[in-house]
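Biologist: I would like a close look at a single part of this model, followed outward into its surroundings. Please take one strand and the residues it pairs with as your starting point, and then place the other parts around that account.

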Amino acid sequence: MESLTSYFGPLCGKEEKPEEERHFRANDRPFNLSYRYADNAIKTSKYNLFTFLPLNLFEQFGRLANAYFLFLMVLQLIPQVSSLSWFTTAVPLFLVLAITAVKDASDDINRHRSDKQVNNRMVDVLIDGELRNEKWMNVQVGDIIKLENNQFVTADLMLLSSSEPLNLVYVETAELDGETNLKVKQALTVTGDMGDSTDSLASFKGEVRCEPPNNRLDRFRGTLSLDGQTYSLDNDKVLLRGCTLRNTEWCFGLVIFGGPDTKLMQNSGKTTLKRTSIDHLMNVLVLCIFGFLASMCAVLAIGNGIWEVREGSVFTVFLPREQGVNAALSSFLSFWSYVIVLNTVVPISLYVSVEIIRLGNSFFIDWDRKMYYPKSDTPAQARTTTLNEELGQIKYIFSDKTGTLTQNIMTFNKCSINGKAYGELFDFSGQRVEITEKSEKVDFSWNQLADPKFFFHDHSLVETVREGNQEAQAFFRLLALCHTVMPEEKKEGELYYQAQSPDEGALVTAARNFGFVFRSRTPETITAVEMGRQVVYELLAVLDFNNVRKRMSVIVRSPEGKLTLYCKGADTIIYERLHPSCNKLKEVTTGHLNEYAGDGLRTLVLAYKDLDESYMDEWKLRHHEASTAMDDREERLDQLYEEIEKDLQLLGATAVEDKLQDGVPQTIEQLAKADIKIWVLTGDKQETAENIGYSCNMLREEMKEIFVVAANTAEAVKEELRNARRIMCPDSAEEPSVIKARAGLFWLQKTERVEDEKVDGDYGLVINGHSLAFALDTDLHLELLRTACMCQTVICCRVTPLQKAQVVQLVKKYKQAVTLAIGDGANDVSMIKAAHIGVGISGQEGMQAVLSSDYSFAQFRYLQRLLLVHGRWSYLRMCKFLQYFFYKNFTFTFVHFWYAFFCGFSAQTVYDEWFITLYNLVYTALPVLAMSIFDQDVNDRWSSQYPQLYAPGQLNLYFSKKAFVSCMMHSCYSSLILFFIPWAAMHDTVRDDGKDIADYQSFALLAQTCLLIVMSAQLCLDTSYWTAVNQFFVWGSLAAYFAVTLTMYSNGMFLIFTSSFPFIGTARNSLNQPNVWLTVFLTSLLCILPVVAFRFILIQLWPTANDKVRHKVRKEALPAPAPRRPPTRRISTRRSGYAFSHAQGYGDLVTSRRFLLRLPLRSRPLFTQTDSPLAQNQPQHYRTIPEEAEDSQKPPPTGGAAAAQ
Amino acid sequence: MGKVKGKSGPLARRPDNSAFKQQRLPAWSPMLTANTVLPFFYFMALLCMLLGVWLLLTVQSTQEKKLDYTEAGTCNTCFELRKNVSNAAKPCSCKVEFEIKKAFKGDVFFYYGLQNFHQNLRRYMDSRDDGQMVGRKKNLKNPSTYCKPFTNGLNRLPIAPCGAVANSIFNDSFTLSYRGSRGRVVPVPLLRKGLTWYTDKNIKYRNPQDGNMTLAQVLEGTAQPLYWQKPAYELDTHDPNNNGFINDDLIVWMREAAFPNFKKLYGVLYRATKPFTTGLPAGNYSINISYNFPVQYFRGRKEVVLTTLTWFGGQNHFLPVAYLITSCLILLIAVVLTVAWCKFGKNGRNMEGDGMPSGTTNEWLKSVLL
């Protein structure tokens, strides 16, 4: 196949060498066009007006069943073969095609619409020396465009210049990677100097060489040549499509990648049509059925051949053969005739009914009030209607953290000051009181600068502070001084903080509300308002945070001239540096810290130290020396810091809550009980992720061990993974055993499978992004998979969107298990698309995730209901439906098979042609639909009460190949009864008045009545939830059968359509015979009673979990709704690590003078506009300015620093 | 979904709290419990038993005499004669004698039976024109193509009635005689009318009408089926209203049998005269057969059947016996279920924790059953 395309490729002119390097010139369209780079138009639609019909029909006939029915229709047009009228298949086929086509068309129209809307956005483009307003789709590579504040970035741009000092721009990348904080990009000075001068920009003749289009969001390499000079370009100078410009009046950029080449589009991944495993199974089964059909027909054709030779040849006196037909040809023709007669084994209505059931179940999801979130007025939404039953089979959940598990809101929750804990509420008897929304809030109105969105419930703290408690005041003074937050005061008294991390912002805000307001800063001073009194501190040094130090200090001089070092940091780090005199306080505080950590709070220890003036002078001198030293600068500084940060005095500890969404721990607990494995894939730091892991019950103290994989080389990663595995399962095989198999249609699809390995006890695994990059390589990914799948919980940190998808695909590929990905941001899109089922959390960070998801709702906790209730029901219903449906059609068809032995294999049907047409369409359609839409074995409360009921779905118990075979055996038995009992009862009998009843028409009527009654009885047996609708449909269908039959067999119908209704009078003449009814009764008994007996004995001997719960349901009343338990307090020895979730702060910038130079002059509101509803909801919203140093995210360098020039 | 538009305010998109949408429709969820299943089984066993006994008694009260005359008695010569197609037109009659030991009480029905005659072949069954048989003038002269190759006969005239079914009509005729105690031979009167379903005689089959013309005139321009010895309007020489398409024998024949062995009603005992007022008396009987229908080609057999009926139809032992057997089976199953329930299910231990009753036989049974 590949060679074929490569052969024809050049002929078709489609041969495209993969782009190796992108090369273009600014402001030189003719030159750039010669490369034929993609322009900025995007296309996600599938069809246009002319291609719709052929393409769509082609796609639809790709479905096996549709193609088969087309083939049948053609067959039926051949008179020698036709054993049924042509319209019996044409009408349903046409209906099915039409419905599907309409649905596809409306989907595609929506895609066209959104493409059009995006392509027609306007942007200013510099053409011929002037700015013109152009549509997005007309932008070309090499164009210079101007962006304004809050505009979407049009294409991937190289930043040329901006309105901001130092050519900085701020962008929000939420659409791209889901991070809500602002990022800074900086232009090259040489281009930045052009400013907004149109002339110089128009004459800009820079030439760019850079990497070809790819999907790496975090890396860009290229060079800019200008006037003989070459400048290197990196990620910092590139604005990516999908970002939004913030806090920047304007900027100019040079288009590097357009439309489909942009990193956004490259990252969006292919939308593949998702099919459920039942779909796949159904396809395989349909194929098996074809084989089965063919063999049945072959048997019958051979029978026909033999019969024609032995009997038919002598019967020619009464029935001469048609011309040229001999026994062999007759046998051949009868093969095709039987293909038509037995076509009901592959009923076309199967697919339609399946779609209807799924649609119905999707509506139930849409309508569920228990998945409706009143706060944001968001109901759950089933955006795809074809995946419902898969919800009942989930084995792995991949979850995003921020915005999915957590609300992305940090709140200052508790603190311990000088050995006294604050933040809890107690009632009069000293009992701890749960803090709820109704609890009384502390009144901060005495403080005019207080943030109105800040809440605190413990009054004693405010009183302590206002009483003038020294330690409490020092505590908040430290919080107000020791940080790198940037204040903005656009109006007097309206402060906004731009914080390095949400934690830091929360702490500074807490200090602000408790009367220690951080007001403004200059490189040398910090202005604070302490209890209403303005105080200016001189900032002598900032000892910034980094990963190793895990602490940060500031050295300030108070107006009184007192020198103090304030330090905050991780408990373990600070504790080592405390003065021995605080040992006692240390003990008490440790107790508090444990308690906080047990509650899943992020803790931080605060300490201070008074400094000596002379020592400080001397230290400063050395600091200056060290910071200007050429070599070993870092180490020397570290030593200096180490030296001064010792003998600290303990002040207390803070506890910040990374607020989980409601009900997350309980949901995770329930899902874990249902044996669903949950992997968290987050862009966060390891510590943060671990912390959340603990607070939402995924990592637990009682776990045997939690492995952390954080290595920097492939070898080390491999070793760590291996070690973990050996600990968990010492006797596991060294080499992974991959089971190769073939599956799918025609067994074309190769599958590889890694078996689950049995592990005692629960383990957890934490792996960071760096290691993950190695582990996802082909030679390590099986190692990762084996180790990870042994663990109860897996947390991957610092994961890029693409890696998220890779992890999902890894599990999907080798575990053959159903996966679900849940996330809320654009960075989760790839994962959502990759997983079998994608769930989007709506109403948080934009709508990207929701738009590409299959299901969406507002809160993570609804996942429990979606899976354990809706998913389980959907799966159950679908399986019941399929089982019944196959049963009813097989039984129907097999009766024809048995009759063939009596009618000379002549393809004579047992039933009336009209019955054949209406059987699936009318008589049995509605009851089974009602069952598969309404059925519930146990109601929703019991379903969520007993998550173990979910297990059968994961194990594919209800419908599998095995179930299918047993279903066939059952049909076989039933059809034998259904044919031979009426035969034996009727073949030699007459009516009570001696007239005929053993005639073909009476027998047909008897056989079809028996069949229908047995099918209805079987349905009744399968239905476990009898609503009025079920009753109505079952009885209604039976009544309809008799009504329709009597009508069709009436005089009028015969006289009008003589040849179509030859069964006149049959119903009247045979349904009044007692022996007919006795036969019906006996047949039904013999078909139904064995099933009842079998099921009953199974329940008695081997009751399933399901039976047990149903047994309980009968005995007990409804279970009480699960009480909202307070999260269990963890007895923890583990203390949360340093709370800061970000690395290197911008201490440098704070003291660099340059940065702040123009800051006081500028007063741009940060939040004038934001489309995130989050901003309005939360107390305070912090945005981080600097990015983390790029290297820490970068996977190992692959090709040297070639582009660095 | 449509309701969403109607509302506004903070909870505009909240789904309705209807039982249907919340899947809380009141419902009955039956379960297979011992309290329902076991009594049901015992009841069914009893019911089937009673039905079986009752049916058996009913069937036992009927009497039946089957007589295969294909080669019996003097029919042997006719059988040989019919082997040769060229003798098809030659008349041949023969006589078969038999004895009825016990008198047949009540109405006695006379059937002819054929074995191995496939009236249920698809092409055979389709080979008829209901439009013609219901008296449509259009179809009379222009029979449906389904009738091929029996659409046009001699001189390419359209055949009425056309098709293979009508063409192959059974054309033996019988006269039954009773030899009384004193050696006197009394012909047994047979009623040869009212053999068909009411709907067939009156609706499905009608003669074409054309003003006051006789049937023969209406059928002018059509040919009789190839194998027929008489045209359609001369089928019954005694009763002009039993001719053409509404002839009882034709209608009976045209109701195709579902299986290759079948019997069709030939006549009913006319009980107006002695000694037949109470049925057929015991004694010796003979049947004179006009032997026309060839069966030797397809290895068929011909028979006559004399039978009395009950409300349950003829003498068919299958249903009573089947009911009795079923009853025993159900009883057996019921006992097994009861034992299983008493041993495992009764105390409800199975329904509690996760523990399963263990034991090797149990596991073995499970592996067999599942």
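Modeller: In this predicted model, B:Tyr178 stands opposite B:Tyr285, a residue of strand S11 of chain B. That pair belongs to a longer stretch of pairing, in which strand S6 (residues 173-179) and strand S11 (residues 283-290) of chain B are joined in the antiparallel sense by 7 bridges. S6(B) also pairs with strand S7 (residues 185-187) of chain B, again antiparallel, through 3 bridges, and here B:Arg179 stands opposite B:Val185 of S7(B). S6(B) and S7(B) make a hairpin with 5 residues between the two strands, and within the turn B:Gly183 has a positive phi of about 80 degrees. As a general point, side chains in a regular strand alternate between the two faces of the sheet.

Elsewhere in chain B, B:Lys263 lies in strand S9 (residues 262-269). With a relative accessible area of 9%, B:Lys263 counts as buried, because this value falls under the 20% limit. Apart from neighbours within four places in sequence, the contacts of B:Lys263 include A:Asp988, A:Val990 and A:Asp996 of chain A, and also B:Glu64, B:Tyr111, B:Tyr112, B:Gly113 and B:Val305 of chain B.

B:Cys162 is found in a loop, the one between helix H6 (137-141) and helix H7 (164-167) of chain B, and with 1% relative accessibility B:Cys162 is likewise buried. Setting aside residues up to four places away in sequence, B:Cys162 touches B:Ser127, B:Arg128, B:Asp129, B:Gln132, B:Pro143, B:Cys147 and B:Phe150. One of these, B:Asp129, is 33 residues from B:Cys162 along the chain, yet the C-alpha atoms of the two are separated by 6.7 Å.

The surface of chain B offers a contrast in helix H11 (residues 318-345), where B:Leu329 lies. B:Leu329 is partly exposed, since its relative accessible area of 44% falls between the limits of 20% and 50%. B:Leu329 forms a nonpolar surface patch with B:Val321, B:Ile325, B:Leu332 and B:Val336, and together these residues have about 430 Å² of accessible area.

Chain A contains an open sheet of 9 strands, in the order S17-S16-S28-S27-S26-S25-S24-S23-S22, with antiparallel pairing. Its edge strands, each pairing on one side only, are S17 (420-422) and S22 (516-521) of chain A, and neighbouring strands of the sheet are turned by 30 degrees against each other on average, direction ignored. At the S17 edge, strand S16 (residues 406-417) of chain A is joined to the antiparallel S17(A) by 3 bridges, and A:Ser416 has A:Ala421 in S17(A) as its bridge partner. Helix H13 (residues 459-467) of chain A packs on this sheet, where it touches S16, S17 and S22 of chain A, and its direction makes about 120 degrees with that of S17(A). Helix H15 (residues 502-513) of chain A lies across S16, S22, S25, S26, S27 and S28 of chain A and runs at about 50 degrees to S16(A).

For chain A as a whole, the secondary structure comes to 41 helices and 38 strands, and 59% of its 1205 residues count as buried. Among contacts in chain A with a separation of 6 or more, residues 24 or more positions apart account for 74%. The accessible surface of chain A comes to about 48100 Å², with 56% of that area belonging to carbon and sulfur atoms.

Methods. Residues numbered from 1 in each chain as written. Chains lettered and ligands numbered in written order. Predicted model: local features only at pLDDT ≥ 70, side-chain atom pairs only at ≥ 80, totals over all residues. Heavy atoms only, no water. Patch = residues over 30% accessible without salt bridge, like charges linked within 9 Å, V, L, I, M, F, W, Y side chains within 5 Å. Areas by Shrake-Rupley, 256 points an atom, 1.4 Å probe, with all protein chains shown as cover. Salt bridge = Lys/Arg side-chain N within 4 Å of Asp/Glu carboxyl O. Helix = DSSP H or I, 4+ residues; strand = E, 2+ residues; numbered from the N terminus. Buried < 20%, exposed > 50% of the residue type's maximum accessible area, 1.4 Å probe, protein only. Pairing = 2+ DSSP bridges. Axes fitted to C-alpha atoms, helices over the stretch in contact; angles between N-to-C directions. Contact = heavy atoms within 4.5 Å.
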